[in-house]
Amino acid sequence: MVQPLVPRWAPGSFLARLPAEQCAGLLSLGVVRQFEAGRRLLLLGELAALTGNPRIATATACGRVVSRVLTGAEFHRFMRRYPDAALNMAAAMGDRLQWSNERRTDFAAYPAEVRLARLLVEIARKCGRRTEEGISIGIALSQPELATMVGVSEATVQKAFKELRGNGVLRTGYRRISVLDLPALRAYGAGADDWPTMTG
C-alpha cells in the first residue's frame, strides 16, 4: 500500500510547531493557490492579519508553491479556537526576529564568504534533505539570489563557491547545492584562519 505523503515543515516554523490536529485544521481553511517559480507572493502576512497593519514583507517563489490562502477573519477564528496556537505563532516570529538580528550582526562583523557560508548552513539545517553524498539543499537558489541575500556581488559568490567546491565542501549544479562536508562549511562560516578572505 502506498503511504500518503506527509508534509515536512521547516524546523521552528509556525506549522511545524502546531500539533498535528491544529495543523490539519488550519490547512483545511481557505482556498488552495499555486504559484510558479519566480512569482512574487503578495499574500504573505500572518502578522498583518493579527495587527490589521499593512504587510511588511513579500516573498518570491524559488520553485513551484502550493499554498492555502486564508482571510484575516478565518485566521482570527482559528486563533480564538486554539489559544495556544498564538504562543506558537509568537515563538515562530521570535525565531524570525532572532534570525534577522543575527544576519545584521553578520553584515557588520564578517566578510562576504563567511556570511555566505553561514547562510548556507542555516538553509541546509532548515530545508536540507539527507542523501548518500551529504545534504541536498531543498530549495532552488541561484547565485545572484544568494548574492542578494548576503549583500555581495555575484562575482564574490562565484569565487566562494569555487573555493568551497575545490575543497570538497559543496557540489553545485543549476539551482542545486549539495553540502558534502557540513563541519567544514561550519568552519568556513566561523571565519577559520586557514580560509582565504575575499572582498565583495
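This is a walk through a predicted model, from its overall make-up to a few helices and side chains.

Let us begin with the whole protein. It contains nine helices and eight strands. Of its 200 residues, 32% are buried. Among contacts with a separation of 6 or more, 60% join residues that are 24 or more positions apart.

Before going into detail, it helps to know how far to trust each part. The average pLDDT of the protein is 79, and 76% of the residues score at least 70. Among the elements, helix α2 (residues 20–27) has the highest mean pLDDT, at 92, while helix α3 (residues 46–51) has the lowest, at 64. Two stretches score under 50. Residues 1–5 form one of them, and the model gives this stretch zero contacts beyond four places in sequence. Residues 193–200 also have a pLDDT below 50, yet this stretch has 21 contacts beyond near neighbours in sequence. Where pLDDT is low, the predicted coordinates should not be read in detail.

With that in mind, look at Val31, in strand β1 (residues 31–35). What does Val31 touch, once residues up to four places away in sequence are set aside? Its partners are Ser67, Arg68 and Val69. The C-alpha atom of Val31 also lies 6.9 Å from that of Leu70, although these two residues are 39 apart along the chain.

Next, follow the chain to helix α4 (residues 72–81). Its buried residues are Glu74, Phe75, Phe78 and Met79. They span an arc of only 135 degrees around the axis, so they sit on the same side of α4. Turned away from that buried side is a face carrying the exposed residues Arg80 and Arg81.

Two of those buried residues bring us to the aromatic rings. How many aromatic pairs does a search of the whole structure find? The search finds two. In one of them, Phe14 and Phe75 have ring centres 6.5 Å apart and planes at 75 degrees, which makes the pair edge-to-face because an angle over 60 degrees counts as such. Phe14 belongs to helix α1 (residues 14–17) and Phe75 to helix α4, so this pair ties together parts that are 61 residues apart in sequence. Both Phe14 and Phe75 are buried. The other pair, Phe78 with Tyr82, is tilted, with 5.1 Å from centre to centre and 55 degrees between the planes. Phe78 has a relative accessibility of 4% and therefore counts as buried. Tyr82 is buried too, with a relative accessible area of 13%.

Further along the chain you reach helix α6, which is home to Glu122. Is Glu122 buried or exposed? At a relative accessibility of 16%, Glu122 counts as buried, because the cut-off is under 20%. Its side chain makes a polar contact with the side chain of Arg125, at 3.1 Å.

Helix α7 has three residues to pick out as buried: Leu146, Ala147 and Val150. Their arc around the axis is only 105 degrees, which puts them on the same side of α7. After α7 comes Gly151, and its phi is positive, near 70 degrees.

Our last stop is helix α8 (residues 154–166), which has 13 residues. From its first C-alpha to its last, α8 reaches 18 Å, close to the 18 Å expected at 1.5 Å a residue. Which residues of α8 are buried? They are Thr156, Val157, Ala160, Phe161 and Leu164. These residues cover an arc of only 135 degrees around the axis, so they lie on the same side of α8. Lys162 and Gly166 are exposed on the other side of α8.

What do the buried residues of α8 pack against? Their partners are three helices, α6 (112–127), α7 (143–150) and α9 (182–189), together with strands β7 (170–173) and β8 (176–179). The helices α6 and α7 from the earlier stops thus turn up again here, as packing partners of the buried residues of α8. Just after α8, Gly168 takes a positive phi of about 70 degrees.

Terms used: Residues numbered from 1 in each chain as written. Predicted model: local features only at pLDDT ≥ 70, side-chain atom pairs only at ≥ 80, totals over all residues. Heavy atoms only, no water. Helix = DSSP H or I, 4+ residues; strand = E, 2+ residues; numbered from the N terminus. Contact = heavy atoms within 4.5 Å. pLDDT = per-residue confidence, 0-100. Phe/Tyr/Trp six-rings, centres within 6.5 Å; stacked < 30°, edge-to-face > 60°. Buried < 20%, exposed > 50% of the residue type's maximum accessible area, 1.4 Å probe, protein only. Expected span 1.5 Å × (residues − 1). Arc of directions from axis to C-beta. Polar contact = N/O pair within 3.5 Å; in protein donor to acceptor, adjacent residues only side chain to side chain.
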